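Let's go through this model together and ask, for each label, what earns it. Here is the structure to keep in view.

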Amino acid sequence: MQQSATDPTTGTIDMDCINIGVSSSDRRARDQLSNEVLVLLKSARSPLTIMELVNQMNAQASVPVSQLDVNEALKGIAHEYVRLPGGKLQATNA
């Protein structure tokens, strides 16, 4: 139990991992990615597909971002964007 609840980045026992199944560092990283995706959506001149988001994120990121990462990030900001026909995404206040 202790080993499975140890945060690999800090080496300490992470109570979030025990209580909700996600370490606090993973949750922070997902929240940060959600914020970065939202910034891209808001600054885009036109709606973007998920692959366009992935490509733009990877052009800026020091760590590669996958389509799965972006999909997970979008779940955290679901109220901040709309899905348009053709699979395009647009920030709700853009």
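Buried means under 20% relative accessible area, exposed means over 50%, and partly exposed lies in between (1.4 Å probe, protein chains only). This is a predicted model, in which local features need pLDDT of at least 70, side-chain atom pairs count only at pLDDT 80 or more, and totals for chains, interfaces and linings use all residues. Residues are numbered from 1 along each chain as its sequence is written, and side-chain values use heavy atoms, with hydrogens and water left out.

Q: Why is R30 called partly exposed?
A: R30 has a relative accessible area of 33%, and the partly exposed class runs between the 20% and 50% limits, so R30 is partly exposed. R30 sits in helix α2; helices here are DSSP runs of H or I with at least four residues, strands are runs of E with at least two, and both are numbered from the N terminus.

Q: What separates R30 from A73, along the chain and in space?
A: Along the chain they are 43 residues apart, while their C-alpha atoms are separated by 6.0 Å.

Q: Why does S34 count as buried?
A: The relative accessibility of S34 is 5%, and buried means under 20%, so S34 counts as buried. S34 also belongs to helix α2.

Q: Which residues does S34 touch?
A: Leaving aside residues up to four places away in sequence, S34 touches A73, G76 and I77. Contact means heavy atoms within 4.5 Å.

Q: Why is S66 called partly exposed?
A: With a relative accessible area of 31%, S66 falls between the two limits, so partly exposed is the right label. S66 is found in the loop between α3 and α4. S66 and L53 are 13 residues apart in sequence, and 9.9 Å apart C-alpha to C-alpha.

Q: What makes T10 partly exposed?
A: T10 has a relative accessible area of 48%; exposed would require over 50%, so T10 is partly exposed. T10 lies in the segment before α1, with its C-alpha 8.7 Å from that of S25, 15 residues away in sequence.

Q: What is the overall order of helices and strands?
A: The chain has four helices and two strands, in the pattern α-α-α-α-β-β. Of its 94 residues, 27% count as buried.

Q: How do you know that the buried residues of α3 are on the same side?
A: In α3 (residues 50–60), the buried residues are I50, L53, V54 and M57. They cover an arc of only 100° around the axis, so they are on the same side of α3. The arc is that of the directions from the helix axis to the C-beta atoms. Their cover includes α2 (24–43), α4 (67–76), β1 (81–83) and β2 (89–91).

Q: Why do the buried residues of α4 line one face?
A: V70, A73 and L74 are the buried residues in α4. Seen down the axis they fall within an arc of 105°, so they line one face of the helix. The face turned away from this buried side carries the exposed residues L68 and K75. What covers the buried residues of α4 includes α2, α3, β1 and β2.

Q: What makes a set of residues a nonpolar core?
A: Its members are buried Ala, Val, Leu, Ile, Met, Phe, Trp, Tyr and Cys residues joined through side-chain atoms within 4.5 Å. The largest nonpolar core has 18 residues, and those with the most contacts inside it are V37, L41, L53, V70, L74, I77 and L89. Two or more residues come from each of α2, α3, α4 and β2, and α2 gives the most, with five. Not counting residues up to four places away in sequence, L41 touches L48, L53, L74, I77, Y81, L89, Q90 and A91.

Q: How confident is the predictor in this chain?
A: The mean pLDDT, the predictor's confidence in each residue from 0 to 100, is 82 for the chain, and 77% of residues reach 70 or more. Among the elements, α1 (residues 15–20) has the lowest mean, 59, and α3 the highest, 94.
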